[in-house]
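Reader: I've got a chain open on my screen and a few side chains I'd like to ask about. Could you walk me through them?

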Amino acid sequence: MSSSPVFAVDASTGGKVRLLATSNKLHIRASELETKLDTLNTTCSNINVSVGDVDVNTDSLETLQTAGNASMASVDAKITACNTGAVVVSSTALAPLAATSTLQTAGNTSLTSILSELQTPSALATESTLQDVYTGIDDVNMTVGDVQTAVNDVDSSVQSVQSEIQTNGSKLDDIVSNTAGGSPSRSTSTLASGVSVADGVDIGAASSLENIDMSSHKTLVISGSSSVSGSIEMYVSNDGGSTYFFAESLWSMSNYSGSVNTWYKVIENSPEMVKFKWVGGSTSTISFDVCKQNW
């Protein structure tokens, strides 16, 4: 089936121009299209519309605005009054150890128990327990009284000792004064040196040293030897040598070196005067030294 020819209007001449078959496609010249577009642009630029000449229907907009204002007022009222009842918390992240309804319930239970115990205590002191405490206090008081009595007894004994010390103070002073102090002092003399002494004769008399004066010394040390065995008798006096009393006999012995017929004697707190007599049954050659000491 053949199609009818298609004609177009030539814009420049106004005559008809037959269009060639284009398989149902419209062919337009680019120069003509540009010309038409320029004309259309110029025409649109010259169109001026006055707002006053335009009738716009705002009824629906006013309705929506009114509804919006109502919603905003409701929100504003809730924020101003802080209507927490209108706030629903769907979820929240609790801080560590934060209170929960379970913990709050447990806390309320504990507080109720404490309040009940304070109002009606379950462990009140009874008359019996108070009596026991009172008895214990009495026992403690009795013990304290016993301790005080013992302390008083000790104090009395201490006072007695102190009184005794004060009473004997002069005796202590005497002991101190009679006790030599400082560096020791010695005075050594020879009573006899190879002197022949007959039996029963004073050794000192044989050598012109009959009496040994100890009035200024406290200790006497004697040492000597004899040619024969025998003993020496010691006599002492406290009246300046007027009267002598027998004190003791000193027997001869062996010394460290093995020598026989020797004597050694230490006389502490010596009497005022001392002398010695040879008692050997026969005449003997005697050497005799005397050392007077103060310590």
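Reader: Is F246 buried, partly exposed or exposed, and what is its relative accessible area?

Author: Bear in mind that this is a predicted model. Buried would need a value under 20%, and exposed one over 50%. F246 falls in between, so it counts as partly exposed, with a relative accessible area of 45%.

Reader: Which residue forms an aromatic pair with F246, and what is the angle between the planes?

Author: A search of the whole structure turns up three aromatic pairs. In one of them, the ring centres of F246 and its partner are 5.6 Å apart, and the pair is edge-to-face. The partner sits in strand β6 (residues 231–237), while F246 is in strand β7 (residues 245–251), eleven residues apart. That partner is Y235, and the angle between the planes is 70°.

Reader: And is Y235 buried or exposed?

Author: The cut-off for buried is under 20% relative accessible area. Y235 falls below that, so it is buried, at 17%.

Reader: What about W263 and W278: how are their rings arranged?

Author: W263 lies in strand β8 and W278 in strand β9, so their pair ties together parts 15 residues apart in sequence. W263 is buried, at 4% relative accessibility, and W278 is buried as well, at 0%. Their ring centres are 6.0 Å apart, with 85° between the planes. Planes over 60 degrees apart count that way, so the arrangement is edge-to-face.

Reader: Which residues does S226 touch, leaving aside its neighbours within four places in sequence?

Author: S226 belongs to strand β5 (residues 219–226), and it is buried, with a relative accessible area of 9%. Both tryptophans we just discussed are among its contacts. The full list is N261, W263, W278, S284, T285 and I286.

Reader: How far is the backbone oxygen of V228 from a polar atom of the S226 side chain?

Author: A polar contact needs the two atoms within 3.5 Å. The backbone oxygen of V228 and a polar atom of the S226 side chain fit that comfortably enough to quote, at 2.6 Å.

Reader: Which residue lies over the face of Y244?

Author: Here we're looking at a charge over a ring, where the distance must be within 6 Å of the ring centre. For Y244 that distance is 4.3 Å, and the residue is K275.

Reader: Where is N269, and what is its phi near?

Author: N269 is in the loop between β8 (262–268) and β9 (273–279). At 66% relative accessibility, N269 counts as exposed. Its phi is positive, in a residue other than glycine, and is near 50°.

Terms used: Residues are numbered from 1 along each chain as its sequence is written. This is a predicted model: local features need pLDDT of at least 70, side-chain atom pairs count only at pLDDT 80 or more; totals for chains, interfaces and linings use all residues. Side-chain values use heavy atoms; hydrogens and water are left out. Helices (H or I, at least four residues) and strands (E, at least two) are DSSP runs, numbered from the N terminus. Buried means under 20% relative accessible area, exposed over 50%, partly exposed in between (1.4 Å probe, protein chains only). A polar contact is a pair of N or O atoms within 3.5 Å; within protein, one must be able to donate a hydrogen and the other to accept it, and residues adjacent in sequence count only if both atoms are side-chain atoms. Contact means heavy atoms within 4.5 Å. Rings of Phe, Tyr and Trp (its six-membered ring) pair if their centres lie within 6.5 Å; planes under 30 degrees apart count as stacked, over 60 as edge-to-face and the rest as tilted. A charge sits over a ring if NZ of Lys or CZ of Arg is within 6 Å of the ring centre and within 35 degrees of the ring normal.
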